[in-house]
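New to this one? Let's take a walk through it together, starting with a single strand and then stepping back to the whole protein.

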Amino acid sequence: MSPLNDRADGAGHAAVAVTGADLAGAAEAVHDLDRLILLGIAADLHRRTGLGRGAAQEADAIASDLGAAPRHRWIAGHWLAALHEAGLVRRNAEGRYHDLRAPRRAELAAARTRMEAARLALGYPAELAELMLRSLRLLPSLLRDEVGVQALLYPDGEPGTAEAVYRGNLISRYLNAAAAEVLRELAERATRPLRILELGAGIGATTADLLPVLAGRPVEFYLFTDLSPFFLDTARRRFDAGFLRYALLDIARDLPRQAGELDLIVAATMAHNAPHVGRLLGQAAALLAPGGRVLLIETIREHPQSLTSMPFALSTQDGPPQRLDGRAGTTRTYLSREEWLSALEGGGLRVEVDLPRPGDPLAALSQRLLVATR
């Protein structure tokens, strides 16, 4: 891998080091949080369905038992697949589920106790733990679409919980600091004012670490885009750099037509939302000037700890999100590392950064920084 990979990795770990965190127990902590959510879902399904007794049932019948709103019905099957993988429910040759194991009260209490140690080990703020517990309490209302996921991420309209998810934790510190170092290297060798596009910027969790790198440097524009006017309005109030521009953009449609003009395209925890990732990356590559880069921060595996929140954000009015790439016909949200590398290379891009490194304790969180150059 390139010298830039080493430079970005060093910056990321420097950002983690200042927290004093011991990463040795990261994998165990991730497992504990995943287990808590799986047990919570199993307990809820055992109370509200006949899965723990009687004949095997199809996922759709379970969705009916749960009173799931039409657009969220697919989530029941998504949960059952995760419970089956974890050994908490059985599935027969016809794909029907049966013999759901009911978690014992002591088992649930022990998982709840381990959660606090796990969140501290991973540098998760208290808001993130509360999000997990609150989502478990609200499962019936979430499935019935009586409570939206926005109410979980922005309780009382405040961004603290969303900040905890996307910024206030060790893996986000590492990835955002490494991303900022990639931008710093790009700015150091630039021969003209930079042109930057950020896709699906959301609350600006990564933006907030990138903008300070650009202070005092020549920047033609930094185009902050998102599908939601809410996030654009929030960013206008939060950031005051004179080169910032804002625009609504849906990555499911065509990207802006600025062929060969951009120096950097940033997509932090959002490129997986594209119906066809290869098509998105191909369009992105066409927008880059020679030597321009695509910078991705991506989850490469769905951890059970997100099962009670993120699927609800993905539901469309018609049900599960549309997938036209290798995920077609499944409810899989994320691409693997290998799939991302293949998609980047298929778009005519050369991968220069792929972090965390193999064996890094942070790899247990299954989030990566991928940077590729045209």
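One term helps before we begin: a residue counts as buried when its relative accessible area is under 20%, and as exposed when that area is over 50%. Keep in mind, too, that what you're looking at is a predicted model.

Now find strand 8, which covers residues 350-355. Five of its six residues are buried, so the strand is largely enclosed by the rest of the structure. Who sits beside it? Strand 8 pairs with strand 9, residues 367-373, and the two run in the antiparallel sense, joined over five bridges. To see one of the partnerships for yourself, pick out Arg 350: its bridge partner in strand 9 is Thr 373.

Time to zoom out. Those two strands belong to a protein with nine strands and 15 helices. Across its 374 residues, 54% count as buried. Turn the model around and you'll find that the C-alpha trace spans about 70 × 45 × 40 Å along its principal axes. How does that fit with a compact globule? For 374 residues, such a globule would have a radius of gyration near 21 Å, and the protein has 21 Å, so the two agree.

The contacts tell you how the chain comes together. Among those with a separation of 6 or more, 72% are between residues 24 or more positions apart.

Finally, look at the outside and the charges. The accessible surface is about 15900 Å², and carbon and sulfur atoms make up 51% of it. The protein carries 43 positive and 45 negative charges, and the mean positions of the two sets are 1 Å apart.

Note on methods. Residues are numbered from 1 along each chain as its sequence is written. This is a predicted model: local features need pLDDT of at least 70, side-chain atom pairs count only at pLDDT 80 or more; totals for chains, interfaces and linings use all residues. Side-chain values use heavy atoms; hydrogens and water are left out. Buried means under 20% relative accessible area, exposed over 50%, partly exposed in between (1.4 Å probe, protein chains only). Helices (H or I, at least four residues) and strands (E, at least two) are DSSP runs, numbered from the N terminus. Two strands pair if DSSP finds at least two bridges between them. The radius of gyration is taken over C-alpha atoms; the globule rule is 2.2 Å times the number of residues to the power 0.38. Contact means heavy atoms within 4.5 Å. Accessible areas come from the Shrake-Rupley method with a 1.4 Å probe; for residues, only the protein chains shown count as cover. Lys and Arg count as positive and Asp and Glu as negative; His and the chain ends are not counted. The place of a charge is taken as NZ of Lys, CZ of Arg, CG of Asp or CD of Glu.
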